[in-house]
Amino acid sequence: MSMTKKIQSALISVFYKDGLEPLVKVLHQQGITIYSTGGTQSFIEKLGIPVVPVEQLTTYPSILGGRVKTLHPSVFGGILGRRELELDLQEMKQYNIPEIDLVIVDLYPFEETVASTNEEKLIIEKIDIGGPSMIRAAAKNHSHVVVLAAKNDYQVLADMLTAQNGTTTLEQRRAFASKAFQIVAHYDVAIAKYFSPEGDLYFLESIPNPKTMRYGENPHQTGVFYGDLNQLFDQLNGKELSYNNLVDVDAAVQLINDFSEETGAVFGIIKHTNVCGIASRDTVKAAWDAALAGDPESAFGGVLVCNKTIDKATADAINEIFFEVLIAPAFADDALAVLKSKKNRILLQQKTTASRPNQYKSVLNGVLAQGEDKGNYLEWKEAGGRESNTAERTDLVFANIVCKHLKSNAIALVKNKQLIGKGCGQTSRVDALRHALEKARQFEFDLNGAVLASDAFFPFNDCVQLGHAAGITAFIQPGGSVRDKDSIEYCQQHQLAMVMTGIRHFKH
């Protein structure tokens, strides 16, 4: 069966006629038989182009005030008939059902009507029935049928048919079908919102079995999770995940996903979505010890994540502190025996990487959507007084990932692949650095030879000066400030390394 199909017949029934004329003329020039209804039929006839009334197919006139025109086997059989099945073709021939290769149908302007009137009778009449049904039928049968459900695609199809002599490819038909299903889905959501105006989660309604949580971020707030955690994790122990647990678990898995196998054993500790401890070592136990040492105070009640199997030695060490959740790809049996000693402790075995190509945030009376912040650096531009050495480069790469997962304004201080100080969520970058330095000194870390990562550029050289005075020898930042040269010149004067990455990692 050829994937390229020649259009022989078309059904056109649209509310919006603007822009339709050029497409109809192309169809006529290609010798395509046109079926139509009502106002669209009159529009085509006035162009002097032959058109077959749908009533000739159905043998029924438009009835019930126009509510029923196309809901008939002669129409839907022509759209849904499978051209590769002999039985379908025999039945279509038996009942005189012609093949319909192109469906051009839009939907009654429901949202526009709701916006222009409060009269329910008028609004109800703009709930399209036949239109969505024909669109869905044609999209379902896109192996054979082209569906056009949006007026802004009239010219797209006209150009396509002109260039391809009235034919379309399967890829093109599938693309039109995808758009058609989205249009119908949006239309149904608009209707649902009209009948239940208090609801504002309709864009999530296609996700099955939403889970009602005990409460949201705080006990007086409601909480619902739309998703299937079983795709990502096997829960091996503990109570049900709370709203706040889920937020921190998401932060933890996004963090660990940024480290490759070559990084070695990586252990991270998350508190209120921020990284409060993280380190990479040759063994899981050593990675845990170093991560905890970075900020043992903040680790209390945190969410822990590791990229390697949890062994008994690590489990024994972890068991000494209170934590909410531990996530790992695997657990040794004797480690599980230790970790399950507390019944409420949540243990999650991660089965696959959590993918979230779109991120959503509720703001004002709407929702912001954005793509994922992928990657670590776009370029590695050595701009300081010297190039970073091997140890510094390793720590700079590590620090930049950590900084990406801290709330802005963010600063991460790293030495020997261990987070030794961080400042996050501050209203100025220099305050974030002061906070990071204070954390490092609080736990008696030696800052000499440490590196510093910033989630955005340095608008002044104050951070570089402050870091240098503390012993920091290398910096990594995206660059892009009109005053980049201030920091660059300071590094050049004092033989400090500075890497520009060309990518900013704000996290608000």
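How many residue pairs are in polar contact across the interface of domain 2 and domain 3? I put this to a predicted model, and with both residues required to be at pLDDT 80 or more, the rule finds 12 such pairs across that interface.

**Entry 1, overall layout.** I began with the whole protein chain, for which I noted 18 helices and 23 strands. The C-alpha trace spans about 90 × 55 × 50 Å along its principal axes, and I set beside this the radius of gyration, which is 31 Å for the protein chain, where a compact globule of 508 residues would have a value near 23 Å. I then looked up the domain assignment, which gives domain 1 as 4-195, domain 2 as 228-350 and domain 3 as 381-500.

**Entry 2, domain 2 against domain 3.** I took the centres of these two domains over C-alpha atoms and found 27 Å between them. On the contact list, 21 residues of domain 2 meet 18 residues of domain 3. The size of an interface is often given as the accessible area lost when the parts come together, and for domain 2 and domain 3 I recorded a buried area of about 1600 Å², with carbon and sulfur atoms giving 52% of it. When I asked which three residues supply the most of the area that domain 2 buries against domain 3, the list returned D258, N274 and V275, which together supply 27%.

**Entry 3, charged pairs at the interface.** Side chains of opposite charge can pair when their charged atoms come close. I counted three salt bridges between domain 2 and domain 3. I also looked up the salt bridge that K404 forms with D258, in which the closest N and O atoms are 3.0 Å apart.

**Entry 4, which elements of domain 2 take part.** On the side of domain 2 that touches domain 3, I found that the elements giving two or more residues are α11 (243-257), β12 (274-281) and α12 (284-294). Strand β12 provides the largest share of that side, with eight residues. Sorting the residues of this side by character, I obtained nine nonpolar, eight polar and four charged.

**Entry 5, a further salt bridge.** The structure holds 20 salt bridges, and from these I picked the one between K211 and E240, whose closest N and O atoms lie 3.3 Å apart. K211 sits in strand β8 (residues 211-212) and E240 in the loop between β10 (233-237) and α11, so this pair ties together parts that are 29 residues apart in sequence.

How values were computed: Residues numbered from 1 in each chain as written. Predicted model: local features only at pLDDT ≥ 70, side-chain atom pairs only at ≥ 80, totals over all residues. Heavy atoms only, no water. Domains from an automatic or database assignment. Contact = heavy atoms within 4.5 Å. Buried area = accessible area lost by both parts, 1.4 Å probe. Salt bridge = Lys/Arg side-chain N within 4 Å of Asp/Glu carboxyl O. Polar contact = N/O pair within 3.5 Å; in protein donor to acceptor, adjacent residues only side chain to side chain. Nonpolar A, V, L, I, M, F, W, Y, C, P; charged D, E, K, R; others polar. Rg over C-alpha atoms; globule rule 2.2 N^0.38 Å.
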